[in-house]
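Biologist: Please take a close look at one part of this model, the salt bridges and the residues around them, and tell me how that part sits in its surroundings. I would like the cut-off behind each term as you go.

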Amino acid sequence: MKLNTKNFGEIEIDKDKIIHFPEGILGFEEEKQFVIINNEDKENPFHWLQSIANPDLAFVIINPFLAYPNYDIVIPETAQEKLKIKDKNDVTIYSIVVVPEEMEKMTANLLGPIIINVNAKLGKQVILDDDRYTTKHYIFRQSMEDRGV
Amino acid sequence: MLILSRRKNESIIIDGNIEVKVLGIEDGKVQIGIEAPKNIDIFRKELYKCIQEENIEAANIKLDINKMNQFLKNKK
């Protein structure tokens with residue numbers, strides 16, 4: 001089906017790829033349907049979570065384990081119930097990324113990951129009960145020794 | 001907003017199967033116990049608001065995709 005998007009204009013998507021978010025996403029509770037637009041560049045880890053109903057609404061997302069291999073995420077029972085998760089292989093996890101003007105300072109929300117049951121095509125944003133994580137984790141290391149080398 | 005007063009150990013039942021109980025009151029803080037079915041999400045409001053705000057910020061970024069791709073290429 002054809003889909004209008006702010007970032008990519010009119011694109012063709014496979015209806016089978018539509019993910020249903022019964023509760024929407026926090027702040028956007030009415031948005032129940034999204035599709036993931038993968039980056040054309042296979043080496044680019046940033047993708048888009050695009051609203052089906054609203055062409056202007058899209059989130060930059062990333063697999064958090066790429067930036068944080070030790071991300072210790074425990075999927076809450078409520079999410080397992082609501083997403084009908086039977087097996088951890090059913091699950092894909094993404095973090096929403098905020099990209100500021102100074103791109104070096106882009107951050108990932110590790111406190112509120114997006115959990116998707118790829119088989120059931122169901123998604124939900126969960127809030128982790130873990131005070132190690134916040135909504136803003138730098139994706140690129142900010143220490144001086146890393147910069148400008 | 002429904003307003004009720006409860007003493008320590010008194011409860012409120014919501015929708016027949018959610019119980020909210022006052023467990024203790026101390027130091028200006030109320031300890032609240034909640035029994036709810038497995039599919040009910042319960043969070044402190046600040047957490048909820050924090051994530052909402054972050055999502056709204058993420059949705060409002062004005063991203064130049066080419067600039068981002070260029071930035072990432074330079075990062076390699």
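Modeller: The answer below goes from the chain as a whole to its charged pairs, then to the interface, and ends with two residues and their neighbours.

This is a predicted model, in which local features need pLDDT of at least 70 and side-chain atom pairs count only at pLDDT 80 or more, while totals for chains, interfaces and linings use all residues. Residues are numbered from 1 along each chain as its sequence is written, chains are lettered from A and ligands numbered from 1 in the order in which they are written, and side-chain values use heavy atoms, with hydrogens and water left out.

Chain A has two helices and 11 strands (DSSP runs numbered from the N terminus, H or I of at least four residues for helices and E of at least two for strands), and along the sequence they follow the pattern β-β-β-β-β-β-α-α-β-β-β-β-β. Its radius of gyration is 16 Å, which agrees with the value near 15 Å for a compact globule of 149 residues (the radius is taken over C-alpha atoms, and the globule rule is 2.2 Å times the number of residues to the power 0.38). Of these 149 residues, 52% count as buried (under 20% relative accessible area, with exposed over 50% and partly exposed in between, for a 1.4 Å probe and protein chains only). Among the contacts in chain A with a separation of 6 or more, 52% join residues 24 or more positions apart (contact means heavy atoms within 4.5 Å).

Side chains of opposite charge can pair when their charged atoms come close. Over all chains, the whole structure holds 14 salt bridges (a side-chain nitrogen of Lys or Arg within 4 Å of a carboxyl oxygen of Asp or Glu). One of them joins Lys82(A) to Glu23(A), with the closest N and O atoms 2.6 Å apart. This pair links distant parts of the chain, since Lys82(A) belongs to helix 2 (residues 77-82) and Glu23(A) to the loop between strand 3 (19-20) and strand 4 (33-37), 59 residues apart. Lys82(A) is partly exposed, at a relative accessible area of 24%, and Glu23(A) is partly exposed too, at 34%.

Another salt bridge is made by the side chains of Asp72(A) and Arg132(A), at 2.9 Å from N to O. Asp72(A) lies in the loop between helix 1 (64-67) and helix 2 of chain A, and Arg132(A) in the loop between strand 10 (122-125) and strand 11 (137-138), so this pair ties together parts that are 60 residues apart in sequence. Asp72(A) is partly exposed at 36%, and Arg132(A) is partly exposed at 48%. Arg132(A) also forms a salt bridge with Asp130(A), where the closest N and O atoms are 2.8 Å apart; Asp130(A) is buried, with a relative accessible area of 18%.

The charged pairs also lead to the other chain: Glu23(A), Lys82(A), Lys124(A) and Asp41(B) are linked in a network of salt bridges. Within it, the side chains of Lys124(A) and Asp41(B) meet at 2.5 Å, N to O. Between chain B and chain A the count is eight salt bridges, and 11 residue pairs, both at pLDDT 80 or more, are in polar contact across this interface (a pair of N or O atoms within 3.5 Å; within protein, one must be able to donate a hydrogen and the other to accept it, and residues adjacent in sequence count only if both atoms are side-chain atoms). On the side of chain B that touches chain A, helix 1 (45-59) and helix 2 (65-75) of chain B each supply at least two residues, and helix 1 of chain B gives the largest share, 11 residues. The contact takes 27 residues from chain B and 40 residues from chain A.

Gln125(A), in strand 10 of chain A, is buried at a relative accessible area of 4%. A polar atom of its side chain lies 3.3 Å from the backbone nitrogen of Leu26(A), and one lies 3.0 Å from the backbone oxygen of Gly112(A). Gln125(A) touches residues of both chains, including Ile96(A), Ile51(B) and Asn55(B).

Asn117(A), in strand 9 (residues 114-117) of chain A, is buried at 1%. Its side chain reaches the backbone nitrogen of Ala120(A) at 3.1 Å, and among the residues that Asn117(A) touches are Lys84(A), Asp90(A) and Leu122(A).

Note on methods: Lists of a residue's contacts leave out its neighbours within four places in sequence.
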